[in-house]
Amino acid sequence: MSTAVPLRAARFGVVLGVVSAGVAMSNLDVFIVNVALPDVGAHYNGASLASLSWILNAYAVVYAASLIPAGGLADRIGPRRAYLAGLAVFVLASVACALAPTVWTLVAARIVQAVGAGLLIPSSLGILLIAAPPERRLGAVRTWSAISGLAAAFGPLAGGLLTELDWRWIFLVNVPIGVAAWAVGLRSVPATPARTASARADVLGAAALTGGIALLSLAVVRSEDWGWASSPVLGCLAGSALALVFFVVRSARHPSPVLPLSLLRLPAMPFATLANLVFAVAFAMMLLSAVLWSQDVWHWSPLATGLAIAPGPLMVPILAIGAGPFTRRYGAGAVSAFGCVVFALGIGWWTLALDTRPEYVTGLLPGMLLTGIGVGLTVPTLVGAAVSALPPTSFSTGSAVVTMARQVGSVLGVAVLVAVLGNSHGADRITAFDHGWWLTLALGLVAAVLCLAIPRPSPAKEKQ
């Protein structure tokens, strides 16, 4: 059985550094690619936005679908072994991304890269939850979330800087970081006993989950070209529903399921996970729309776009750490709901203030800051609320459920925005952006309502 092995402060700091590298790379490769997307399209002979979106979506789809199986694997073999394997896969796939001769070869390499990320994320949080004393676990979760925020903050800026040299550097930058983290992690990350499994892992259930998420994303991405009422879109939606229903039934009956459904009955887990999913849709739409608006409407360079977007995500780590006392006082539901409302206000500002004339200080910047504050209050709080009641034997699997919800939301967010923008041009393009922002705002408010349904833990747990 996996058991907690709390470490001395100094060694815990080293482990946190190793874990931070993997978390940062996994998240960085979402945000860093956003900014480089137009340059990648130009390199591949002007590939369409729908095709280019799969550079983002292929990563997010497989990342999301692999998280729960990878979390279960990490709980079985130990998070240390899973984490080091994830680092190796991620680094090798990053090299393949940089060398890809065609856009679809790049998409294939991104799929392999996403498998590595799927191993990294649940095992990284599993390592922290095992290594941290019980009273420090929620603080470790907030730190873990803050690292993700820092990756989001520096992603657009790093993407802009590296794209000025060559877009391939957005992938090659992972190589020295990953190699160093692997070498240090091999010596410093504590090993934990592997969990003895009574049955083989549910490979068929994992395949059903992957297929269901992929078909859902394909239906949304291609809806503009195929039509929402077309046979291909309806077929993909029906196939997705059948695959996901089969996955749930399979998980309920299999002796060693991909997702133990008992985890979804833990306090706060259901509503925190659902709120995480809805908010992630809104967040992905917000970020990609800001990039596309800056480059397509204002015609800014990737570097200028990265600099313009960075102040918003920079708010995330500040709030991720600083909101802890408010969560203990008012509860995770109230704090995350307030964050969702602030996020929605930022989107509302864009709908009122942005026009075709570039105006950063009074146009884009206030909305970026408000959305950044909202994300900083919402995401770490929801993650902390969801994982607070996890048993040690399910640290990696439970954290994978929460992270998967966020990644599925990211897939849908990118796909929905691509569908809303379509192939619009000129004045129609501006109208399409407005429609996308109103939808983003509405989703933020829906997430706020879901957050309010999160129950407060017992006073004893709130002190942890």
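1. Start with Arg429. In this predicted model, Arg429 counts as buried, at 12% relative accessibility. Arg429 forms a salt bridge with Asp296, and the closest N and O atoms are 3.0 Å apart. Arg429 belongs to helix H18 (residues 426-452) and Asp296 to helix H11, so the pair ties together parts that are 133 residues apart in sequence. Asp296 is partly exposed, at 33% relative accessibility.

2. How many salt bridges does the structure hold? The structure holds three. Another one joins the side chains of Arg168 and Asp166, at 3.4 Å from N to O. Arg168 is partly exposed, with a relative accessible area of 26%. Asp166 is partly exposed too, with 28%.

3. Arg357 also has an acidic partner. Arg357 forms a salt bridge with Glu359, and here the closest N and O atoms are 3.6 Å apart. Arg357 is exposed, with a relative accessible area of 53%. Glu359 is partly exposed, at 29%.

4. Next, the interior. The largest nonpolar core has 135 residues. Which residues have the most contacts inside it? They are Ile55, Leu106 and Trp350. Helix H11 (residues 269-297) gives the most to this core, with 18 residues.

5. Trp350 deserves a look of its own. Neighbours within four places in sequence are left aside here. Trp350 is then in contact with Met286, Ser289 and Ala290. Gly363, Leu364, Gly367 and Met368 are also in contact with Trp350, as is Trp437.

6. Now the cysteines. The structure holds zero disulfides. Cys340 is in no disulfide, and the nearest cysteine sulfur is that of Cys451, 3.9 Å away. Why is there no bond between Cys451 and Cys340? The sulfur of Cys451 is 3.9 Å from the closest cysteine sulfur, in Cys340, and that is too far for a bond. The cut-off for a disulfide is a pair of cysteine sulfur atoms within 2.5 Å. Are these two cysteines buried or exposed? Cys340 is buried, with a relative accessible area of 0%. Cys451 counts as buried as well, at 0% relative accessibility.

7. On the surface, look for Leu150, Phe154 and Leu314. These residues make a nonpolar surface patch of about 250 Å². Leu314 lies in helix H13 (residues 311-322). At 35% relative accessibility, Leu314 counts as partly exposed.

8. Helix H13 also holds Pro317. Is Pro317 buried or exposed? Pro317 is buried, with a relative accessible area of 12%. Helix H13 thus offers two settings to inspect: Leu314 is partly exposed, whereas Pro317 is buried. Pro317 and Ala290 are 27 residues apart in sequence. In space they are 20 Å apart, C-alpha to C-alpha. Ala290 is one of the residues in contact with Trp350.

9. A last proline to check is Pro190. Where is Pro190 placed? Pro190 is in the loop between helix H7 (174-188) and helix H8 (203-221). Pro190 is buried, with a relative accessible area of 12%. Pro190 and Arg81 are 109 residues apart in sequence. Their C-alpha atoms are 9.9 Å apart in space.

10. Helix H11 is a good place to return to. Helix H11 gives the most residues to the largest nonpolar core. Asp296 of helix H11 pairs with Arg429 of helix H18.

Terms used:
Residues numbered from 1 in each chain as written. Predicted model: local features only at pLDDT ≥ 70, side-chain atom pairs only at ≥ 80, totals over all residues. Heavy atoms only, no water. Buried < 20%, exposed > 50% of the residue type's maximum accessible area, 1.4 Å probe, protein only. Core = buried A, V, L, I, M, F, W, Y, C linked by side-chain atoms within 4.5 Å. Helix = DSSP H or I, 4+ residues; strand = E, 2+ residues; numbered from the N terminus. Contact = heavy atoms within 4.5 Å. Patch = residues over 30% accessible without salt bridge, like charges linked within 9 Å, V, L, I, M, F, W, Y side chains within 5 Å. Areas by Shrake-Rupley, 256 points an atom, 1.4 Å probe, with all protein chains shown as cover. Salt bridge = Lys/Arg side-chain N within 4 Å of Asp/Glu carboxyl O.
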